[in-house]
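The following exercises are meant to be worked through with the sequence and the coordinates side by side. Each task is followed by a solution in steps.

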Amino acid sequence: MTTLNAHVNQISSVDVLAPIYKASGDPLRLEVLRVLRRDTFGVLELSQLFDMRQSGMSHHLKVMHKAGLVEPQREGNAIFYRRPLHLDNEKPTDLTIRQIFEAVDSAPLPAHLQDKIEAIRNQRANQSQAFFSRHSEQFREQQELIAAFDLYAAPVADMIRKRTRKTLWQTALEIGPGEGGFLPVLSELCEHVVALDNSRDMLAKATRTCIDERLNNIDLIEGVTDTLLARGDAFDLVVANMVLHHVPSPADIFLDAAALMNNGGCLMISDLCRHDQNWAQENCGDLWLGFEPEELTAWAAAAGLKAGEQLFIGLRNGFQIQVREFWKTQLPLR
């Protein structure tokens with residue numbers, strides 16, 4: 001009887017694996033899985049990437065979704081697709097899916113695909129930048145439709161100050177400083193601070209804050225993280241407050257931050273948890289409706305960063321903010 005049960009279990013295991021191999025047994029679908037390694041794309045974007053009709057791409061995604069290789073993610077009125085967030089290595093199906101991902105990730109993306117991905121990211125970046133150019137005068141009012149500045153800035157500052165007792169922050173980078181509201185905190189705690197933003201209008205507001213607050217150890221730079229990478233800058237602390245949901249590829253922020261951080265450095269993130277309040281895209285210029293905590297952890301791990309302390313703040317309007325820290329190479333002493 002034991003032998004029979006084992007045989008039945010083996011057949012059952014093979015049966016559940018077959019659809020996964022069948023769904024992944026197509027070169028185009030494997031290419032789709034490759035481009036979804038760190039990015040999330042809509043059907044139209046994937047159709048652009050692979051030069052095919054939307055109906056054909058929708059069919060491929062339907063087959064892959066049914067097999068568990070991709071999962072849908074609603075962003076406003078659009079559906080995007082990503083790799084599944086939750087994979088259990090104890091389950092044969094999830095282990096198989098993870099092995100497929102590892103196999104397709106072993107080779108770099110072709111140059112033509114990478115160029116098309118960059119074009120889509122640029123389209124998203126231009127969309128976000130255009131919003132802030134139009135609404136720079138109402139930035140604080142627009143942002144506080146979701147969360148008042150102090151609701152996330154104060155916990156981030158407290159977490160950094162807590163670490164300052166054991167860690168010396170000589171250099172810090174704030175990505176997307178907005179009007180510069182957090183710069184006084186960084187100026188106080190760090191010897192030298194760089195504030196990086198791709199919006200000239202927002203940098204002008206941050207400059208005014210530095211003048212008014214007499215912050216003399218801050219450099220304001222117009223550009224993106226690639227700008228600093230090209231300069232060879234390195235930082236002990238990187239901060240991104242409510243920035244990820246505005247950037248074209250949030251996962252790349254983790255990769256770039258890790259490349260810009262010294263060993264033992266810390267990345268501090270505050271951002272929205274996943275939500276379904278679509279109005280935030282039109283009224284606040286959001287590209288993404290927040291993130292699952294597991295998404296941030298996975299992106300950090302892929303960048304070689306280790307998750308540290310985390311804090312979740314519930315707001316009365318239904319939003320939830322996550323404050324997270326991620327460390328390069330080593331965690332500080334507790």
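## Exercise 1: the setting of Asp233

Asp233 is placed in the loop between helix 11 (225–231) and strand 7 (235–241), in what is a predicted model. Determine whether Asp233 is buried or exposed, and which side chain makes a polar contact with its side chain.

Solution. Begin with accessibility: the relative accessible area of Asp233 is 18%, and since buried means under 20%, Asp233 counts as buried. Next, take the polar partner: the side chain of Asp233 makes a polar contact with the side chain of Arg231, at 2.7 Å. Finally, leaving out residues up to four places away in sequence, Asp233 touches Leu228 and Leu260.

## Exercise 2: classifying aromatic pairs

Classify the geometry of the pair formed by Phe80 and Trp288, and then that of the pair formed by Phe254 and Trp299.

Solution. A pair of aromatic rings is described by the distance of the centres and the angle of the planes. With centres within 6.5 Å as the rule for pairing, the count comes to seven aromatic pairs. For Phe80 and Trp288 the centres are 5.4 Å apart and the planes stand at 70 degrees, so this pair is edge-to-face. Phe80 belongs to strand 3 (residues 78–82), whereas Trp288 lies in the loop between helix 13 (279–284) and helix 14 (293–302), and the pair therefore ties together parts that are 208 residues apart in sequence. Both of these residues, Phe80 and Trp288, are buried.

The pair of Phe254 and Trp299 is tilted, with 6.2 Å from centre to centre and 50 degrees between the planes. Because Phe254 lies in helix 12 (residues 250–260) and Trp299 in helix 14, this pair ties together parts that are 45 residues apart in sequence. Phe254 and Trp299 are buried, and together with Phe291 and Phe326 they form one aromatic cluster.

## Exercise 3: the nonpolar cores

Which residues of the largest nonpolar core touch the most other members, and which helix gives the most to this core?

Solution. The largest nonpolar core has 37 residues, of which Ile160, Phe182, Leu183, Leu237, Met268 and Ile321 touch the most other members. The elements that each supply at least two residues include helix 8 (149–164), strand 7 and strand 10 (320–328), and helix 8 gives the most, with seven residues. A second, separate core has 31 residues, among them Leu228, Phe235, Val243 and Leu287. Leu228, listed in this second core, is also touched by Asp233.

Conventions
Residues are numbered from 1 along each chain as its sequence is written. This is a predicted model: local features need pLDDT of at least 70, side-chain atom pairs count only at pLDDT 80 or more; totals for chains, interfaces and linings use all residues. Side-chain values use heavy atoms; hydrogens and water are left out. Rings of Phe, Tyr and Trp (its six-membered ring) pair if their centres lie within 6.5 Å; planes under 30 degrees apart count as stacked, over 60 as edge-to-face and the rest as tilted. Helices (H or I, at least four residues) and strands (E, at least two) are DSSP runs, numbered from the N terminus. Buried means under 20% relative accessible area, exposed over 50%, partly exposed in between (1.4 Å probe, protein chains only). A polar contact is a pair of N or O atoms within 3.5 Å; within protein, one must be able to donate a hydrogen and the other to accept it, and residues adjacent in sequence count only if both atoms are side-chain atoms. Contact means heavy atoms within 4.5 Å. A nonpolar core is a set of buried Ala, Val, Leu, Ile, Met, Phe, Trp, Tyr and Cys residues joined through side-chain atoms within 4.5 Å.
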